[in-house]
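Q: I am new to this structure and would be grateful for a close look at one part of it. Please explain the terms as they arise.
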Amino acid sequence: MQALAQNLPAKNRLVILVFVFCCLLSSPRLVMKAPIPGRSTPDEIAQRSDLRFAKLKAALPQRGVIGYVGDAGESGVAPYYLAQYALAPLVLDRSPNHPLVVGNFPLSPSAAPVEKLRLVKDFGDGVLLFAGEDQP
């Protein structure tokens with residue numbers, strides 16, 4: 001490696017040293033500004049959730065009760081409450097027995113089809129809008 005560096009002209013070695021120095025200068029800033037996993041503030045989480053559901057909210061009625069399906073078990077509780085918060089004043093009922101049903105699958109964006117529901121629109125990022133089979 002050292003023999004290779006000695007074979008390079010002085011100008012090339014200087015360019016490489018400046019490049020490495022600039023990379024090292026930016027590293028501390030990246031480390032200091034990087035978000036710490038698991039340490040998001042509640043406001044940041046709510047803002048991300050609001051952005052995630054913004055397009056869906058525009059496609060839904062302003063008030064009323066709509067259905068909700070999502071990830072099962074303990075992992076689906078927090079996403080349900082975030083969806084409820086983002087879509088308020090709509091009320092989300094954790095049931096697919098409604099004319100309109102929100103699908104929220106943040107952990108598995110390619111969710112399997114839900115029984116008795118027809119996909120109306122995929123808003124991306126695991127946010128789906130379903131209609132009951134008997135709905136037009």
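Is Tyr-68 buried or exposed, and what is its relative accessible area?

A: Tyr-68 is buried, with a relative accessible area of 3%; buried means under 20% relative accessible area, exposed over 50%, and partly exposed in between, computed with a 1.4 Å probe on protein chains only. The model is predicted, so local features need a pLDDT of at least 70 and side-chain atom pairs count only at pLDDT 80 or more, while totals for chains, interfaces and linings use all residues. Residues are numbered from 1 along each chain as its sequence is written, and side-chain values use heavy atoms, with hydrogens and water left out.

The mean pLDDT (the predictor's confidence in each residue, from 0 to 100) is 82 for the protein, and 82% of the residues reach 70 or more. Among the elements, strand 2 (residues 91–93) has the highest mean pLDDT, 94, and helix 1 (residues 2–7) the lowest, 61. Helices (H or I, at least four residues) and strands (E, at least two) are DSSP runs, numbered from the N terminus.

Tyr-68 also takes part in an aromatic pair. Rings of Phe, Tyr and Trp (its six-membered ring) pair if their centres lie within 6.5 Å; planes under 30 degrees apart count as stacked, over 60 as edge-to-face and the rest as tilted. The structure holds two such pairs. In one, the ring centres of Tyr-68 and Tyr-80 are 4.9 Å apart and the planes stand at 70°, so the pair is edge-to-face. This pair links distant parts of the chain, since Tyr-68 belongs to strand 1 and Tyr-80 to helix 4, 12 residues apart. Tyr-80 is likewise buried, at 12% relative accessible area. Tyr-80 also pairs edge-to-face with Tyr-81, at 5.2 Å centre to centre and 65° between the planes. Tyr-81, however, counts as exposed, at 54% relative accessibility. Ring pairs thus link Tyr-68, Tyr-80 and Tyr-81 into a cluster.

Arg-94 lies over the face of Tyr-80, 4.8 Å from the ring centre; a charge sits over a ring if NZ of Lys or CZ of Arg is within 6 Å of the ring centre and within 35 degrees of the ring normal.

Two further residues touch Tyr-68. Gly-76, in the loop between strand 1 (65–70) and helix 4 (77–87), is buried at 1% relative accessible area. Not counting residues up to four places away in sequence, Gly-76 touches Tyr-68, Asp-71 and Arg-94, where contact means heavy atoms within 4.5 Å. Asn-104, in strand 3 (residues 100–104), is also buried, with a relative accessible area of 1%. Beyond its neighbours within four places in sequence, the contacts of Asn-104 include Tyr-68, Tyr-80, Pro-79 and Arg-52.

Arg-52 leads to the one salt bridge of the structure, a salt bridge being a side-chain nitrogen of Lys or Arg within 4 Å of a carboxyl oxygen of Asp or Glu. Here the side chains of Asp-125 and Arg-52 meet at 3.3 Å, N to O. Asp-125 lies in the loop between strand 4 (117–124) and strand 5 (127–132) and Arg-52 in helix 3 (residues 42–59), so the pair ties together parts 73 residues apart in sequence. Asp-125 is exposed, with a relative accessible area of 52%.
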